[in-house]
Amino acid sequence: MESTDKLTDTNAILAYLYETFPQCFIAEGEAKPLKIGLFQDLAEKLAEESKISKTQLRVALRRYTSSWRYLKSIKKGAVRVDLEGNACGELEEQHIEHAQQTLKESQERAKERRKQREAKAAEQRGDRADKKASPRNNTKRPRKDRNFKQVQSKSNRPAKKAEPAVNLVQAELSQLAKEQRVNVKLGKSPVKGTISDINKDDVTVHLDSGLSVKVKAEHILL
């Protein structure tokens with residue numbers, strides 16, 4: 001790290017301390033308790049350098065000494081070290097108790113935060129599951145059945161009045177005259193029409209459908 005650029009990021013400052021004072025600041029594994037007043041020694045050591053301000057250095061030290069790894073190093077039998085890693089005396093009982101209490105409280109806070117995150121995540125999963133399982137609020141209209149519609153429309157039509165039954169009889173030529181209303185046998189059903197002309201045995205009938213036919217008297221019904 002020969003650059004003279006000022007370090008402001010805490011992680012970058014810690015990386016610098018790990019590299020510069022490896023016997024004091026441990027990057028990985030079990031940490032070592034620091035000498036009381038180490039901050040002043042460190043500030044003096046780095047006085048000639050302009051990479052780290054005292055404020056940023058204090059923040060980095062606070063993070064290092066409040067980590068679980070460091071707090072766990074504060075225990076009976078452990079020895080404090082200076083910047084070069086030299087022993088500077090054993091830990092006092094009150095310092096050990098304080099570190100253990102701080103570690104316990106920090107772990108409990110972390111456990112509580114983890115529970116809150118898990119509960120929130122479970123709640124979000126539950127909300128998504130409920131939304132997925134709940135029926136969509138888009139009730140489909142019942143599809144109209146064409147056949148039903150046709151049957152219904154037919155049933156709504158007024159019923160045709162049944163025409164009174166008429167007994168038709170075969171006409172004789174002597175009974176026929178022009179402009180007379182008659183029925184002509186055409187196919188299965190008689191067709192109504194009006195006689196327009198009589199020429200001997202031939203009778204011309206103008207049907208109601210608009211056609212004119214010439215038939216014998218025996219095909220006419222009265």
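In the predicted model, five strands form an open sheet in the order 6-5-4-3-7, and their pairing is antiparallel. The edges of this sheet are occupied by strand 6 (212-216) and strand 7 (220-221), each of which has a single partner strand, so that one side of each is left without a neighbour in the sheet. The partnership of strand 5 (residues 202-207) with strand 6 is antiparallel and extends over 5 bridges, and within this pairing Asp202 lies opposite Lys216 of strand 6. In general, side chains along a regular strand alternate between the two faces of the sheet.

A further antiparallel pairing is found between strand 1 (residues 79-81) and strand 2 (residues 87-90), which are joined by 2 bridges, with Ala87 of strand 2 serving as the bridge partner of Val81. These two strands form a hairpin with 5 residues between them, and in that hairpin Gly85 adopts a positive phi near 90°.

Among the helices, the axes of helix 2 (residues 38-45) and helix 3 (residues 54-66) come within 11 Å of each other and cross at roughly 140°. Because angles over 145 degrees are needed for a roughly antiparallel assignment, helix 2 is classed as oblique to helix 3. The crossing of helix 2 past helix 3 is right-handed. The contact brings Phe39, Leu42 and Ala43 of helix 2 together with Lys54, Leu57, Arg58 and Leu61 of helix 3, and the residues of this contact comprise 5 nonpolar and 2 charged, with no polar ones.

Definitions and conventions. Residues numbered from 1 in each chain as written. Predicted model: local features only at pLDDT ≥ 70, side-chain atom pairs only at ≥ 80, totals over all residues. Heavy atoms only, no water. Pairing = 2+ DSSP bridges. Helix = DSSP H or I, 4+ residues; strand = E, 2+ residues; numbered from the N terminus. Axes fitted to C-alpha atoms, helices over the stretch in contact; angles between N-to-C directions. Parallel < 35°, antiparallel > 145°, perpendicular 65-115°, else oblique. Left-handed = near helix turned anticlockwise from the far one by under 90°. Contact = heavy atoms within 4.5 Å. Nonpolar A, V, L, I, M, F, W, Y, C, P; charged D, E, K, R; others polar.
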